[in-house]
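I opened this notebook to record what I looked up in the structure, entry by entry. The topics are a sheet, two single residues and a ligand site.

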Amino acid sequence: MTDTLTMPERASKATVTDSLSVTDNRTGKTYEFPVSEGTIKATDLRKIKTSDDDFGLMTYDPAYMNTASCRSAITYIDGDKGILRYRGYPIDQLAEKASFLEVAYLLTEGELPNAAQLDKWTEDIRYHTYVHTNIIKFLEGFRYDAHPMGMLLGVVGALSTFYPDAKHIEDPANRYVQRVRLLAKLPTLAAFVFRHSRGLPYEFPRNDLDYVGNYVNMMFSIGGKHEPNKVLQRALEILLILHADHEQNCSTSAVRAVGSSHVDPFSAVSAGIAALYGPLHGGANEAVLQMLDEIGSKKNIPAFIEKVKSGEGRLMGFGHRVYKSYDPRAKLIKQTADQVFAETGMNPKLEVALELERIALEDEYFIKRKLYPNVDFYSGLIYQAMGYPTDYFTVLFAVGRLPGWLAQWEEMLMDKDQKIARPRQIFIGKDERNFVPMNKRA
Ligand code: CMC
C-alpha cells in the first residue's frame, strides 16, 4: 500500500488477503494476521503466547496514539493534506452553504435533510427549547464566579434526572427524542449559565427566532430587547459548524466511552463537556488571548518569537497533532474574522495577531516544523469582538460540538463490534504482601 493513497482509498484497496506475518522470537513461532482497512485486530495478538496459561500479547498505547478504537462513517480528516469532511462533504462547502441545524442533521441522521426533513427537524428542536424551571434552582446554587463550563456540565448532567425515559437507549425513537432535546436545550442552558455569571435575569427561548438567533437573544437581550446583527450571527453559526465534529478527539472519546456503559445521553454528553473543559482540549483560544495580552504591541513580537524559538513557551494557536500542512478550519475562520472585524472594527490585539502570524509564517523555525495557525488562533479574537467573555469560549465550543458527540454516540451504540470501553493495563505495582497493622508501620 502506498502512502499517496487517502484513507478511504487505502481501505478499499485493502482486502482480507493482505496479511501480516509475525515471528515471536521468544518461541520461534510465526503467526499470520489479516490486515484490513490498514489495521490488524489487536485481539489477534492475543494468539501470540509463550505458554498455554500466558494471557497473550497486548499492545501498549497510552493516549491511543496508534489505535483505532472504532470504525466510523462520520468525519474524515487527512492531516497532511488539510482535509476535513463531515459525511463526505468538505467543511468549506458546509461552512459556506449550510445552516448549523442542517449540519447537525447531516452528522446525527447521516444525510443532508431535504426541505420537509429540515422543516420537521427545525420544528422538533424548536418545540423542546424550554428547560424545566427547577434548572434555575440548580444554577442559583452556583457561586457568582463559578466557571461557565463547570456550571454547564453540572446542569446537562442534571437533565438526565428530568428525563428518566432517556435511559431506554435501546429504542431508536427514544434516542431521537433525546438528541432533539439536547440540541434544543443546550443553547438555553449555555445562555442561562452566561446570565448567571453576569447576575442578569434569565431570558427564555423565543421560538419565533432561528436556532442561532434565539441563542444570541437569550445571551444578550436586556429588558426583552436585542438588536440582532446578522453578520455576527452568521459568523457565530460558521464557527459552530467548524467545531461540530472532529472524529475521535478527547471529548468525543469520552462520550463514546461513558456511553458504552449504556448510561443515558445526558450523562454521556456531560462527560464530553468535562473533557472539553480541560485546557489541552477546549481552552487553547483563551490561551491565545492571554499570549496576545502578554505581547502587548507589535514592537514586542520579534522578542516574543525568539523566546518561543529558544523553547520558552509556545506560540499558542499554532501547530496541530493531526494537521501538518494547514488546519482547513483556520482558513475559514480567518475569512470569518475579516467579516466580523469589518463590523466591529479592528482592535489592538487583532493587529498583533496578524503581524505575529505574518512573521511566524516566514520564520524557518515554524516552516521546518510545519507549524501553521490552527482553529484557535482567531476564534478567541472573534468571540471577544462579539462580546463573549474569555471564560465562556469553551461553552461556545460545546454548543458547536454537540451534534458530533450525538452522532458518535449513536454510531457507537449501533456498532456490533463495540462493547463497554475497558482498556487493559500493564501492572507495575507491588506483588502480593500481607497487611501491616498500624503499630508496625513505618
Ligand atoms: N510553538 C512553538 N513550537 C511548537 C509549537 C508551537 N505552538 N507546536 C509545536 N512546536 C514544536 C515543538 O517544540 C517541537 O519542536 P522540536 O521538534 O524542536 O522539539 C515540534 O514543534 C513538534 O511538536 P510536538 O509537541 O511534537 O507536536 P504535537 O503534534 O504533539 O503538538 C500541539 C500539537 C497542538 C499540542 C502543539 O502544536 C501546541 O502545543 N500548540 C499550541 C497550543 C494550541 O494551539 N493548541 C490548540 C490545538 S487545535 C485544537 C483542536 O483541534 O481542537
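**Entry 1: the sheet.** I began with strand E4 (residues 83-86), which is joined to E5 by two bridges, the two strands running antiparallel. I noted that the model is a predicted one. Within this pair, I found Tyr86 opposite Tyr89, a residue of E5. I then asked in what order the strands of the sheet are arranged. The order is E3-E4-E5, in an open sheet of three strands with antiparallel pairing. Next I asked which strands stand at the edges. They are E3 and strand E5 (89-90); each has a single partner strand, so one side of each is left without a neighbour in the sheet. For reference I add that strands of a sheet pair through backbone hydrogen bonds, either parallel or antiparallel.

**Entry 2: Tyr76.** I located Tyr76 in strand E3, which covers residues 75-78. Is Tyr76 buried or exposed? I recorded a relative accessible area of 17%; Tyr76 is therefore buried, as the cut-off for that class is under 20%. I also looked up its separation from Pro90: the two residues are 14 residues apart in sequence, and their C-alpha atoms are 9.3 Å apart in space.

**Entry 3: Ser270.** I turned to helix H11 (residues 265-277), where Ser270 lies. The relative accessibility of Ser270 is 12%, and this residue counts as buried. I then asked which residues Ser270 is in contact with, leaving aside neighbours within four places in sequence. The contacts are Leu153, Val156 and Gly157.

**Entry 4: the ligand site.** I listed the surroundings of the ligand and found 17 residues around it, of which Arg314, Leu315, Gly317, His320 and Asn374 come nearest. By class, the shell divides into seven nonpolar, four polar and six charged residues.

I then looked up individual atom pairs. A polar backbone atom of Leu315 is 2.8 Å from a nitrogen atom of the ligand. For Lys324, a polar side-chain atom lies 3.1 Å from an oxygen atom of the ligand. In the side chain of Arg369, an N or O atom is 3.0 Å from an oxygen atom of the ligand. How much of the ligand does the protein bury? Taken alone, the ligand exposes 940 Å², and the protein buries 67% of that area.

**Entry 5: recapitulation.** I close with two points for later reference. Tyr76 and Ser270 are both entered as buried. For the ligand, I entered polar pairs with the backbone of Leu315 and with the side chains of Lys324 and Arg369.

Note on methods:
Residues numbered from 1 in each chain as written. Predicted model: local features only at pLDDT ≥ 70, side-chain atom pairs only at ≥ 80, totals over all residues. Heavy atoms only, no water. Helix = DSSP H or I, 4+ residues; strand = E, 2+ residues; numbered from the N terminus. Buried < 20%, exposed > 50% of the residue type's maximum accessible area, 1.4 Å probe, protein only. Contact = heavy atoms within 4.5 Å. Near = heavy atom within 4 Å. Polar contact = N/O pair within 3.5 Å; in protein donor to acceptor, adjacent residues only side chain to side chain. Areas by Shrake-Rupley, 256 points an atom, 1.4 Å probe, with all protein chains shown as cover. Nonpolar A, V, L, I, M, F, W, Y, C, P; charged D, E, K, R; others polar. Pairing = 2+ DSSP bridges.
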